[in-house]
Amino acid sequence: MGCKRCPLWKPATGTVFGEGPANARVLVVGEQPGDAEDLSGHPFVGPSGKLFDRALEELGIERSRLYVTNAVKHFKFERRGKARLHKSPNAGEQRACRLWLEGELARIRPDIVVCLGAIAARNIFGPAFRVTRQRGTWQTLADGTRAFATVHPSAVLRQRGDEARHAAWRAFVADLALLLDA
Ligand code: SF4
């Protein structure tokens with residue numbers, strides 16, 4: 001909770017670690033906490049988290065059975081007036097935080113890892129992984145764990161226009177549907 005391995009701890013409210021049962025079969029990795037997560041101390045409770053919850057609900061998957069975390073445990077942002085705008089963690093920050101994600105993976109020992117977005121996917125699959133090309137396809141990690149990636153739910157929310165947003169939503173749900181056969 002008092003980690004200072006990179007500069008992100010300073011402006012943030014606190015660390016946001018993963019949550020979920022210790023015996024979860026599925027571990028979900030996002031990018032980093034957002035504004036709501038930073039203030040509440042819980043992962044995936046902001047707009048992206050709510051969209052993720054909706055997708056799980058549509059598929060009949062209980063979120064309480066998943067362990068949900070982020071690749072980076074502090075919120076990185078820039079101030080714009082009263083707003084705190086999300087900024088992506090850089091490679092050094094991701095590297096510094098990597099040991100916490102490794103710790104969570106070692107503790108939970110999931111059967112399946114789901115990566116939401118490019119930062120999560122590169123942390124799990126390596127720098128050559130491309131979500132745009134490889135999303136929604138099963139991969140096998142070095143230790144035999146099965147894993148797949150899809151977009152971060154914020155990418156669905158960022159789409160302009162109802163049609164594009166709906167298409168992105170359907171593709172997101174279709175990727176997560178891989179969990180139904182796992
Ligand atoms: S982002 Fe990660 S490595 Fe950096 S201070 Fe926070 S917990 Fe530590």
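**Loops, strands and a ligand shell**

Tutor: Let's start with Arg 109, which is in the loop between H3 and E5. Keep in mind that this is a predicted model.

Student: Okay, so is Arg 109 buried, partly exposed or exposed?

Tutor: Count the C-beta neighbours inside 10 Å: Arg 109 has 13. Buried would take 20 or more, and exposed would take 12 or fewer. With 13, Arg 109 therefore counts as partly exposed.

Student: What is phi of Arg 109 near?

Tutor: Arg 109 is a residue other than glycine, yet its phi is positive. The value is near 50°.

Student: Phe 44 has a positive phi too, although it is not a glycine. Is Phe 44 buried or exposed?

Tutor: Phe 44 is found in the loop between helix H1 (35-40) and helix H2 (47-59), and its phi is about 55°. Around Phe 44 there are 26 other C-beta atoms within 10 Å. The cut-off for that top class is 20 or more, so Phe 44 is buried.

Student: And Ala 91, buried or exposed?

Tutor: Ala 91 belongs to helix H3, residues 91-108. Within 10 Å, Ala 91 has 10 other C-beta atoms. A count of 12 or fewer puts a residue in the lowest class, so Ala 91 is exposed.

Student: On to the strands. Which residue in E7 stands opposite Cys 115?

Tutor: Strand E5 covers residues 112-116 and strand E7 covers residues 146-150. E5 and E7 pair in the parallel sense over five bridges. Opposite Cys 115, in E7, you'll find Ala 149.

Student: In which sense do E6 and E7 pair, parallel or antiparallel?

Tutor: E6 is a short label to track: residues 139-140, joined to E7 over two bridges. Gln 139 stands opposite Ala 147 in E7. The sense of the E6 and E7 pairing is antiparallel.

Student: Which residue in the turn of the E6 and E7 hairpin has a positive phi?

Tutor: The hairpin leaves five residues between E6 and E7. In that turn, a phi of about 95° belongs to Gly 144.

Student: How far apart are the C-alpha atoms of Ala 91 and Gly 144?

Tutor: Along the chain, Ala 91 and Gly 144 are 53 residues apart. In space, their C-alpha atoms are separated by 26 Å.

Student: Last one: how many residues in the shell around the ligand are nonpolar?

Tutor: There are 14 residues around the ligand, and Cys 3, Arg 5, Cys 6, His 74 and Cys 97 come nearest. Two residues of the shell are polar and four are charged. The nonpolar residues number eight.

Note on methods. Residues are numbered from 1 along each chain as its sequence is written. This is a predicted model: local features need pLDDT of at least 70, side-chain atom pairs count only at pLDDT 80 or more; totals for chains, interfaces and linings use all residues. A residue is near a molecule or strand if its C-beta atom, placed from the backbone, lies within 6 Å of it. Ala, Val, Leu, Ile, Met, Phe, Trp, Tyr, Cys and Pro count as nonpolar, Asp, Glu, Lys and Arg as charged, and the others, Gly among them, as polar. Two strands pair if DSSP finds at least two bridges between them. Helices (H or I, at least four residues) and strands (E, at least two) are DSSP runs, numbered from the N terminus.
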